[in-house]
Amino acid sequence: MSAHHLMPTYQPLPLMFSHGRGTRLWDTAGREYLDALAGVAVTSVGHSHPDVVAAIAEQAGLLLHTSNLYAIDWQQRLGAKLAEKSGLALAFFNNSGAEANETALKLARLHGHSRGIAKPLVVVMDNAFHGRTLATLAASDGAHLSAGLGQLPGDCIKIRFGDLDALANVTQAFGQRIAAVLLEPIQGESGVHVASTAYLRALREHCDNHGWLLMLDEIQTGIGRTGQWFAYQHAGIQPDVVTLAKALGNGIPIGACLASTTVGRLFTPGSHGSTFGGNPLACRVGCTVLDIIEREQLLENATRQGHALLGRLRSEVGSLPAVKAVRGMGLMIGVELDRPCRELMQRAAQEHGLLINVTRGTTIRLLPPLTLDDAEVQRIVGTIRALLQAL
Ligand SMILES: *Cc1c(COP(=O)(O)O)cnc(C)c1O
């Protein structure tokens, strides 16, 4: 086999996996790896979880697809479960993160129009990543993402992440046209930058004062990654819109845009839709994933092992000469180096059987399954220490 017939958008490592179980993957030569990336925050309850396998198999034998021209039992159930956990009463289901953010951006426009703004603007953050469609690229940062594409939708204005003066300035300059603020509570792709509780609370208050929507992209942080169902729960705030994808399906494609009743009802019959979105298979798996996280107490485990992993990385790796910072929350952790380190992905895999990610060229990113145990924490820390000592 070869990749000759695939568009050259990816640069995969020379590694191919045949199967997985829990936190482990096996390559086609039979070698075992510890997966500290979980398919970029997707397989949070572990590979081949028996309940997920059973849900997929049973649903495949019953019904995969009927379209949204008919009511879908599992879609209603997943909407209710997410409402209970998020405090946001209404859900729209998509197939990916970018689509969930497109849904949120549509809601921002509808909200702006409902307030009499002819051309509503959305405040977004520098170093943001919201997806690869044209609208979500416009909301993202980084010339590397949109090189060669020309003009993107022009309704996003970027400010500095975490900077309240920048918020004040943009309010003064464009306040009458702004409909919403969109941000990741922890910026993942740009290197695991955590928004402070004070910043999130100030944004909530500012949005309330100005009638703007606070829209959080929890595609990477949501569904237990940080030790709460959603990262905003650490700050004790309630957003108006939240987007989800990645871990919600543990590998079955699904995205969701959650909103308060008022905001969700800006859509009316026919104003938005998706052929596959909310299908019985994806929604049943979503329900199963939420049940597993509850039954196996994975929020508690992510909190405990996240503390252990972050603490041990800080004490055993943080003072090595190449390390600039160790940061994160729960099981979303970045180790920023003072130099490019992409080659560590391959070295970790080849020499230590550990799968890690490097993002923005210089930050090692860890997004292990929420089922991580003590010995695996120890192994990850030991391996990263060995890799960095050998730099
Ligand atoms: C992965 C990700 C997306 C894009 O999700 P896709 O499913 O790849 O479209 C958007 N926002 C954040 C924060 C992400 O981590």
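Start by selecting serine 274: beyond its neighbours within four places in sequence, serine 274 is in contact with Asn68, Phe92, Phe93, Asn95 and Glu99. Keep in mind as you go that this is a predicted model. Serine 274 sits in the loop between helix H10 (261-264) and helix H11 (280-295).

Stay in that loop and pick threonine 275, which also lies between H10 and H11. Is threonine 275 buried or exposed? With 57% relative accessibility, threonine 275 counts as exposed, because the threshold for that label is over 50%. Leaving out residues up to four places away in sequence, threonine 275 touches His65 and Asn68. Asn68 is thus worth displaying here: Asn68 is among the contacts of serine 274 and is also touched by threonine 275.

Next, colour the positions that come from the UniProt record. An unreviewed entry lists Arg132 and Ser274 under "binding site". Of these residues, Arg132 is included in the lining of the largest pocket.

Zoom in on arginine 132. Look for it in the loop between strand E5 (121-125) and helix H5 (134-139). Its relative accessibility is 56%, so arginine 132 counts as exposed. Not counting residues up to four places away in sequence, arginine 132 touches Ala98, Leu137 and Leu145.

Ala98 leads on to the ligand, so show that now, together with the residues around it: Ser96, Gly97, Ala98, Asn101, Phe129, His130, Gly131, Glu184, Asp217, Ile219, Gln220 and Lys246. Three distances are good ones to draw:

- From a backbone N or O atom of alanine 98 to an oxygen atom of the ligand: 2.8 Å.
- From a backbone N or O atom of phenylalanine 129 to a nitrogen atom of the ligand: 3.3 Å.
- From an N or O atom in the side chain of lysine 246 to an oxygen atom of the ligand: 2.6 Å.

How much of the ligand does the protein bury? Taken alone, the ligand exposes 380 Å², and the protein buries 81% of that.

Now add a second selection from UniProt. The feature "binding site" (unreviewed entry) is also placed at Gly97, Ala98, Phe129, Asp217, Glu218, Ile219, Gln220 and Thr275. These positions span 179 residues in sequence and their farthest two C-alpha atoms are 25.4 Å apart, so they do not all gather at one spot. Of these residues, the lining of the largest pocket includes Gly97, Ala98, Phe129, Asp217, Ile219 and Gln220.

From that group, centre on aspartate 217, in strand E10 (residues 213-217). Is aspartate 217 buried or exposed? Aspartate 217 counts as buried because its relative accessibility is 5%, and the cut-off for buried is under 20%. Turn on the side chains and you will find a polar contact of 2.8 Å between the side chains of aspartate 217 and histidine 130. Neighbours within four places in sequence aside, aspartate 217 is in contact with Asn101, Phe129, His130, Leu182, Leu183, Glu184, Pro185 and Thr243.

For the last stop, select threonine 359 in strand E16 (residues 357-359). At 6% relative accessibility, threonine 359 counts as buried. A polar atom of its side chain lies 2.3 Å from the backbone oxygen of glutamate 189. Glutamate 189 is one of the residues that threonine 359 touches beyond four places in sequence, along with Gly188, Ser190, Gly191 and Arg365.

Methods: Residues numbered from 1 in each chain as written. Predicted model: local features only at pLDDT ≥ 70, side-chain atom pairs only at ≥ 80, totals over all residues. Heavy atoms only, no water. UniProt positions renumbered as here; feature names shortened; annotations may be inferred. 1 Å grid on protein atoms, 1.4 Å probe; cavity = no way out; pocket = protein on both sides within 12 Å on 5 of 7 lines; lining within 4 Å. Helix = DSSP H or I, 4+ residues; strand = E, 2+ residues; numbered from the N terminus. Buried < 20%, exposed > 50% of the residue type's maximum accessible area, 1.4 Å probe, protein only. Contact = heavy atoms within 4.5 Å. Near = heavy atom within 4 Å. Polar contact = N/O pair within 3.5 Å; in protein donor to acceptor, adjacent residues only side chain to side chain. Areas by Shrake-Rupley, 256 points an atom, 1.4 Å probe, with all protein chains shown as cover.
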